Every structure is written in C-alpha cells, then in structure tokens.
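Visitor: I have a little time and would like to go through this one with you. Could you put it up on the screen?
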Amino acid sequence: MKIVVACKVVADDQDIVVAADGGLDYSKAKNTVSAYDLNAIEAAAQLAAANEGSKVIAMTVGGAGIDDSKLKKNVLARGVDELHMTADVSCADMDAHATAHALAALLEKVGGFDLVMCGDGSADNYAQQVDVQLAAKLGLPVVNGVTSIVTEPGAVVVERALEDVVETVRVPLPAVVSVSPDIAVPRIPGMKDILAAGKKPMETADACPACDPSVAVVSCCAPEQASRALTVLDAAADGAIAQFAAALKAAL
C-alpha cells in the first residue's frame with residue numbers, strides 16, 4: 001500500500017503569548033506538527049507495518065517558515081518513508097478550501113496512492129474540513145472519526161465512533177480517511193530514528209497553486225477571562241455541602 005498522511009505545521013501553543021488587548025503574539029512560537037496529525041502519522045506507520053511492502057509518505061503545505069530541517073526529521077523519524085512539502089509565502093494562513101487545493105496539487109506530484117489519512121482536525125483552527133474538501137477535489141470517498149483500520153483486497157474496513165454507536169464501514173480504495181486521536185498513541189522517536197530520518201527522501205517545493213480563500217478571518221483573539229467568585233468553604237461547617245451543591249447547580 002502507498003499511504004499518504006496529510007499533516008499541518010502549526011505554532012506551538014505553549015509559546016503563544018496573549019497580549020494585553022487579547023491578540024495573540026506568535027513571534028516566539030516554534031513550528032511543530034499538529035498534535036492530531038501525530039496520531040494520523042502513527043496510525044499510518046502501524047498500518048504500513050501490518051502490510052508488508054507498504055510505504056508511508058507525509059505531505060504538508062504552509063508558509064516558508066515550515067521548511068525546517070529539525071521539523072522534517074521529526075516527521076520522518078516517526079515511521080515515515082518520504083516527506084513532500086510546499087513551503088511558500090502564498091501558503092501561509094490558508095483556510096481549509098485553499099489547503100485542500102494545495103494538497104491536491106501536491107498529491108499529483110507524489111503520484112499514485114491507495115489511502116490518504118488526515119488527523120481529526122488541526123490544533124489551531126480545528127475546522128475539520130480539509131479531509132472532506134480534499135476528498136471532494138480528488139473525487140474519492142471519505143470517512144471521518146475513524147478509530148481503527150484494517151485492509152482487504154482493494155478496500156479498507158474502518159470503525160468510526162458516533163455519538164451512540166460504533167459503525168463499521170468498508171471503503172473501496174483509493175479513499176480519504178480522517179482518524180480520531182484514539183486510533184494510536186504517537187511514538188517518541190529515538191536517536192537512531194532521528195539519525196536515520198536525515199537520510200530519507202525530502203522534497204520541498206516553493207510554489208503553491210493560486211486559490212482564493214473561502215473564509216475571511218477578521219480577528220483572532222483569546223477569550224476574555226471570566227471573573228471567579230473564589231469562594232472557599234469549610235467542609236466541616238454546617239450547611240457547607242448544601243451551599244456547595246447550590247453554587248454548582250447555579251453554575252450549570
């Protein structure tokens with residue numbers, strides 16, 4: 001099988017600073033792979049290991065800053081065989097529609113594939129739209145919320161967790177699936193994996209096909225902090241439990 005994992009490079013949320021006006025300062029934030037996509041990468045690596053002769057190819061699109069050797073090695077050290085990326089200023093801050101357009105163009109360069117895997121959503125916007133829009137552009141079936149994948153000749157059988165039932169779906173290949181974070185725990189690459197990653201194929205393009213965004217972002221600010229009562233009750237005092245229960249009920 002040829003498995004392609006679409007992943008997104010985002011700013012590390014631990015380095016994002018909230019300014020006094022509520023705006024977000026990304027100036028000191030390092031680039032990292034979206035946490036949800038790490039689950040998809042691990043699931044793809046495990047699926048490839050279970051099917052002899054399979055290959056895992058990671059692909060991503062983003063601004064010029066994502067072309068970072070340390071970040072690329074981090075991806076390739078996670079059971080990925082090849083990495084293809086488009087790093088261009090025109091690909092910075094794209095919405096789901098433009099991202100799907102750019103990924104579809106990158107897939108043409110990658111060549112024939114059997115399965116495209118995506119994370120549940122991105123760690124920044126979490127729009128949960130790239131998978132379905134990419135599948136629409138490719139004219140392929142898509143299934144989301146996938147918690148397990150097994151292969152059959154010409155198809156994959158997946159389980160997806162809905163609100164009140166676990167559904168089993170047989171999907172003909174090629175196809176696009178987005179996976180739940182529960183599907184696999186991302187591995188921690190060892191030094192041997194990181195050193196080996198430097199010898200794996202990496203292809204970086206600096207041009208992105210033009211695509212007008214369908215969503216305009218007016219502003220992106222941190223939510224205002226709600227005021228808190230900060231009431232401390234003595235559990236031994238009379239009526240403290242009832243008072244706590246009443247306060248909890250009022251807050252719900």
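Guide: Here it is, and please keep in mind that this is a predicted model.

Visitor: Let's start with aromatics. How many aromatic pairs does the structure hold?
Guide: The structure holds 1 aromatic pair, and the rings concerned belong to Tyr36 and Tyr126, with their centres 5.2 Å apart.

Visitor: Why is that pair called tilted?
Guide: The planes of Tyr36 and Tyr126 stand at 40°, and an angle under 30 degrees would count as stacked while one over 60 would count as edge-to-face, so this pair falls into the remaining class, tilted.

Visitor: Where do the two partners sit in the chain?
Guide: Tyr36 belongs to helix H1 (residues 35-50), whereas Tyr126 is in the loop between strand S8 (115-118) and helix H4 (130-138), so that the pair links distant parts of the chain, 90 residues apart.

Visitor: And is Tyr126 buried or exposed, or something in between?
Guide: Tyr126 has a relative accessible area of 33% and is therefore partly exposed, and Tyr36, at 28%, also counts as partly exposed.

Visitor: What about the backbone in that loop, say the phi of Tyr126?
Guide: Tyr126 has a positive phi of about 50° although it is not a glycine, and Gln128, which lies in that loop between S8 and H4, has a positive phi as well, near 55°. As background, most residues other than glycine have a negative phi. Gln128 is partly exposed, with a relative accessible area of 40%.

Visitor: Ser122 is in there too; what does its side chain contact through polar atoms?
Guide: The side chain of Ser122 makes a polar contact of 2.7 Å with the side chain of Asp124, and a polar atom of the Ser122 side chain also lies 3.4 Å from the backbone nitrogen of Asn125.

Visitor: Which residues further off in sequence does Ser122 touch?
Guide: Leaving aside residues up to four places away in sequence, Ser122 touches Lys8, Ser34 and Tyr36, the last of these being the partner of Tyr126 in the aromatic pair. Ser122 itself is buried, with a relative accessible area of 13%.

Visitor: Changing topic, where is the cis peptide bond?
Guide: The bond from Leu173 to Pro174 is cis, with omega near 0°, and Pro174 is placed in the loop between strand S11 (166-172) and strand S12 (175-179).

Visitor: Last one: which residues form the nonpolar patch on the surface?
Guide: That patch is formed by Leu233, Phe244, Leu248 and Leu252, which together have about 440 Å² of accessible area. Leu248, in helix H6 (residues 240-251), counts as partly exposed at 44% relative accessibility.

Note on methods
Residues are numbered from 1 along each chain as its sequence is written. This is a predicted model: local features need pLDDT of at least 70, side-chain atom pairs count only at pLDDT 80 or more; totals for chains, interfaces and linings use all residues. Side-chain values use heavy atoms; hydrogens and water are left out. Rings of Phe, Tyr and Trp (its six-membered ring) pair if their centres lie within 6.5 Å; planes under 30 degrees apart count as stacked, over 60 as edge-to-face and the rest as tilted. Helices (H or I, at least four residues) and strands (E, at least two) are DSSP runs, numbered from the N terminus. Buried means under 20% relative accessible area, exposed over 50%, partly exposed in between (1.4 Å probe, protein chains only). A polar contact is a pair of N or O atoms within 3.5 Å; within protein, one must be able to donate a hydrogen and the other to accept it, and residues adjacent in sequence count only if both atoms are side-chain atoms. Contact means heavy atoms within 4.5 Å. Patches are made of residues with over 30% relative accessible area and no salt bridge: like charges are joined within 9 Å, nonpolar side chains (Val, Leu, Ile, Met, Phe, Trp, Tyr) within 5 Å. Accessible areas come from the Shrake-Rupley method with a 1.4 Å probe; for residues, only the protein chains shown count as cover. A salt bridge is a side-chain nitrogen of Lys or Arg within 4 Å of a carboxyl oxygen of Asp or Glu.
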